Amino acid sequence: MKIVLASGNRNKYREMKDELAPIGVELLFGGDFDHPQEVEETGDTYEANARLKAEAWAKATGLPAMSDDSGLEVESLNGVPGIHSARIVPGSDADRVTWLLSELKDKENRRARFVSCIVTVFPSGIEPVICERNCPGTIAYSPAGTSGFGYDPVFTPDGYDKTFAELGDAIKRKISHRALALKGIAEMLIHVIQYQTVRTMDNSISGADSVSDRKNK
């Protein structure tokens, strides 16, 4: 099964494609398409925004489309930046990390969690597949590490004493919010793939029977 990732974020694509390959899904990078869809994220939840993007890409390409919407929720900031994590302030990831540390400079509570919701939409009319997961942790006092992207240099997941950017991709792909959501969506997609395989076989058998019937008449 081919599924297009409804995103031009190659970092997300790299994180997601390897998890889906073992179940028979070839994830296509949205940024490689001639006319990438620019979808305004007007939803008020991760699921709503992910669904908007996946539906637009499925309609435009005629392929199943997968979208992830994710964010960082900080307790002492009442869940901010949340769904606005990637655009809370203009500029680069480093600018947003600087903004976050500034907002937390007088805060003792540095608890936070990453949240990811992945939605897969099918143009064939099959019900969308949805999975949301989170990864709890704390915000560090200064950036550390060079791997990852976004707020990874200042997020320390529970059970570790290093940030995601220090821990590297191997660990992040096991415990991160997106990794957990992706594992969940992969399990759901197995059933979709099995259903489509059975339906295709049934159609083939029905077609063969029809040809046989015509020959016997």
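## A tour from Ser-116 to the largest pocket

Select Ser-116 first, and then display what it touches: leaving out residues up to four places away in sequence, these partners are Asp-68, Asp-69, Ser-70, Cys-131, Glu-132, Arg-133, His-177, Arg-178 and Ala-181. Bear in mind throughout that this is a predicted model. Ser-116 sits in strand β5, which runs over residues 111-121, and because its relative accessibility is 0%, Ser-116 counts as buried. Among the partners, pick Asp-68, whose side chain is joined to that of Ser-116 by a polar contact of 2.5 Å. Then pick Cys-131, which is 15 residues from Ser-116 along the chain, and set a distance label between the two C-alpha atoms, which are separated by 8.3 Å.

Next, zoom out to the protein chain as a whole, where 6 helices and 7 strands are found, arranged along the sequence as β-α-β-α-β-β-α-β-β-β-α-α-α. Of the 217 residues in the chain, 42% are buried, and of the contacts between residues at least 6 apart in sequence, 58% join residues at least 24 apart.

Now move to Ser-76, which is placed in the loop between β3 and β4 (81-82). Neighbours within four places in sequence aside, Ser-76 is in contact with Leu-104, Lys-107 and Asn-109, and for the last of these a label can be drawn from the backbone oxygen of Asn-109 to a polar atom of the Ser-76 side chain, at 3.1 Å.

Continue to helix α1, residues 10-20, and colour Lys-12, Tyr-13, Glu-15, Met-16 and Leu-20, which are buried. These residues lie on the same side of α1, because the arc they cover around the axis is only 170 degrees. As a general matter, an α-helix has 3.6 residues a turn, so residues three or four places apart point the same way. At the N-terminal end of α1, show Asn-9, which caps the helix through a side-chain oxygen 2.9 Å from the backbone nitrogen of Asn-11.

Asn-9 and Lys-12 also lead to the last stop, the largest pocket, since both are listed with Glu-41, Lys-53 and Ala-86 as the residues nearest its centre, out of 32 that line it. The elements giving two or more residues to this lining are α1, α2 (46-61), β3 (65-74), α3 (93-103) and α6 (177-216), and β3 gives the most, with 5 residues. The space in the largest pocket comes to about 700 Å³, and colouring its lining by class will show 10 nonpolar, 10 polar and 12 charged residues.

Conventions: Residues numbered from 1 in each chain as written. Predicted model: local features only at pLDDT ≥ 70, side-chain atom pairs only at ≥ 80, totals over all residues. Heavy atoms only, no water. Buried < 20%, exposed > 50% of the residue type's maximum accessible area, 1.4 Å probe, protein only. Helix = DSSP H or I, 4+ residues; strand = E, 2+ residues; numbered from the N terminus. Arc of directions from axis to C-beta. Polar contact = N/O pair within 3.5 Å; in protein donor to acceptor, adjacent residues only side chain to side chain. 1 Å grid on protein atoms, 1.4 Å probe; cavity = no way out; pocket = protein on both sides within 12 Å on 5 of 7 lines; lining within 4 Å. Points joined across faces, edges and corners; volume = space filled by probe spheres on them. Nonpolar A, V, L, I, M, F, W, Y, C, P; charged D, E, K, R; others polar. Contact = heavy atoms within 4.5 Å.
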